[in-house]
Amino acid sequence: MSWGFESDEDVQAELDWVETFVREQVEPVDQVIEHAWNPRDPVRNALIKPLQQQVRERKLWACHLGPELGGEGYGQLRLALLNEQLGRTHSGPVVFGCQAPDSGNAEILAHYGTDHLKKTYLEPLVEGDIVSCFSMTEPHGGSDPTGFRTTARLDGDEWVINGEKWFSSHALFSEFLIVMAVTEPDAPPHKSMSMFVVPADAPGLTRVRDVSVWGHEEPVGTHQYLRYDDVRVPAENLLGGRGEGFAVAQTRLGGGRIHHAMRTVGLVQSAFEMMKRRAVSRTSKGTRLADKQLVQEMIADSWVQIEQFRLLVLRTAWRIDRYNDYKRVRADISAVKAAMPKVLADVAGRAIQIHGSLGISKELPFGKWVMESFHMGLADGATEVHKVNLAQALLRGTESDDGLFPPYIRPTLQAQARERFAEVLAEVADEGEPLR
Ligand SMILES: Cc1cc2nc3c(=O)[nH]c(=O)nc-3n(C[C@H](O)[C@H](O)[C@H](O)COP(=O)(O)OP(=O)(O)OC[C@H]3O[C@@H](n4cnc5c(N)ncnc54)[C@H](O)[C@@H]3O)c2cc1C
């Protein structure tokens, strides 16, 4: 039997190296760059590229991808431990070549791309030379993809795409976009859409607006509202078969969601560390904050929440490795996704409270993290939708009862037990005084 909560020695040594590297080399970079995803920023390139080289030399580059794609082929459990270390930084995922949405887009291209698409887009993407975008959500609603209206029609040997997409993150920096469009309008909704690679400079693709969000300080919003007007792409840019868009999307979303959660563990741990340091350093009315019971409650509640979440993430990662079957772990991933925003909002919120006015100021990151908890409650699917998925999976196969009362009420259970143990009860009753 093997069951444990410790890493093997060699894995731990690697994690220790990552921890020091992230703390000493990556965290300072976050203080001086605007956006780690922007390949056109000379400051970002001057600082991040040498770090990426160190990661490659250490054989930690793109660990989520198999060696045939230039990665290290880590399982999800090992990735969880690695991502935890990267999560407390903005640039960490880019430095380690595992940033969203590029990591998921690379998986899609690896699974479904032609040799030409792999050469043109996958290779530079995996090398970290270009950035990509996943363009799925539409302005009239993202939670119900069966209602998407963007279409793609085959015209000779080209697909012609028309429609609008909303919140296409990083389209601004991207070399290509992976786009979902209706190709089979008469098929059942989940078989009606297909996925395409669209070069970012394709004629007909325009940015309606650069949408910015609270919590992010970039000068230009990085979530693009896009319009596709007769955008033409070669037939080979179809990823997977016609009508397989949903299946293709799941290739990336399963992994993407759990990787976000792994990094969130690192983020909340970092908020927790700061919270503890402030509690033991600051005094009020003659005692440390750490000595006040209501502060202690915030520390205790945070630790319990973080550990519960971390264990759920690790268990889910373990199940992904164990079963290698997305359908089987879909509910686990939904559970992690639904839990993630609340852990971050609660812990970052308590970190603000313990730091007082300093905590709410822009001199500390907690306010940004509280806002990020709302991003997390929407990106890759709203929390409510994940809770519904989870509940449906948990309820599936549960027996229903016909009677007025369920069969597990005490009178019924006692009657059954009395009948079962009737002989023993009768013998004992003859021998002694019953209690009543
Ligand atoms: C930071 C960030 C980055 C993003 N990046 C991308 C990206 O790169 N590419 C991309 O395509 N999209 C992206 N999105 C969009 C994201 O996928 C959508 O926001 C999400 O799918 C929800 O869609 P919506 O915003 O249209 O909300 P709606 O669909 O309008 O839903 C609004 C609310 O209604 C409720 N609701 C909806 N449906 C149900 C239901 N079935 N049961 C119960 N309650 C429900 C929920 O409370 C939900 O939050 C990003 C979003 C954020 C916040």
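How much of residues 10–129 is helix, how much is strand, and how far apart are the end C-alpha atoms? The legends below start with that stretch. The model is predicted.

**Figure 1. The stretch 10–129 of the predicted model.** Helix makes up 63% of the chain here, and strand 0%. The C-alpha atoms at the two ends are 30 Å apart. UniProt lists these residues, in an unreviewed entry, as "domain: Acyl-CoA dehydrogenase/oxidase N-terminal".

**Figure 2. The protein chain as a whole and its division into domains.** The chain has 436 residues, and 41% of them count as buried. Its secondary structure comprises 13 helices and 10 strands. The C-alpha trace spans about 95 × 65 × 40 Å along its principal axes. Among contacts with a separation of 6 or more, 71% join residues 24 or more positions apart. The assignment gives domain 1 (9–113), domain 2 (132–239) and domain 3 (247–395).

**Figure 3. Where domain 1 touches domain 3.** The centres of the two domains, taken over C-alpha atoms, are separated by 21 Å. On the domain 1 side, 22 residues are in contact; on the domain 3 side, 23. Helix H3 (76–86) and helix H5 (102–112) each supply at least two residues of the domain 1 side. H3 gives the largest share of that side, with 8 residues. By class, the domain 1 side holds 9 nonpolar, 10 polar and 3 charged residues.

**Figure 4. The shell around the ligand.** In this view, 21 residues surround the ligand. The closest are Met136, Gly142, Ser143, Ser169 and Glu384. Three elements give two or more residues each to the shell: strand S1 (132–135), strand S3 (158–169) and helix H11 (383–395). The shell divides into 10 nonpolar residues, 10 polar residues and 1 charged residue.

**Figure 5. The ligand in relation to domain 2 and domain 3.** Which domains give residues to the shell around the ligand? Domain 2 (132–239) and domain 3 (247–395) both do, so the ligand lies between them. Strand S1 (132–135) and strand S3 (158–169) are among the contributing elements, and their residue ranges fall in the span of domain 2, 132–239. Helix H11 (383–395) also contributes, and its range falls in the span of domain 3, 247–395.

Key
Residues numbered from 1 in each chain as written. Predicted model: local features only at pLDDT ≥ 70, side-chain atom pairs only at ≥ 80, totals over all residues. Helix = DSSP H or I, 4+ residues; strand = E, 2+ residues; numbered from the N terminus. Buried ≥ 20, exposed ≤ 12 C-beta atoms within 10 Å, placed from the backbone. Contact = placed C-beta atoms within 7 Å. Domains from an automatic or database assignment. Nonpolar A, V, L, I, M, F, W, Y, C, P; charged D, E, K, R; others polar. UniProt positions renumbered as here; feature names shortened; annotations may be inferred. Near = placed C-beta within 6 Å.
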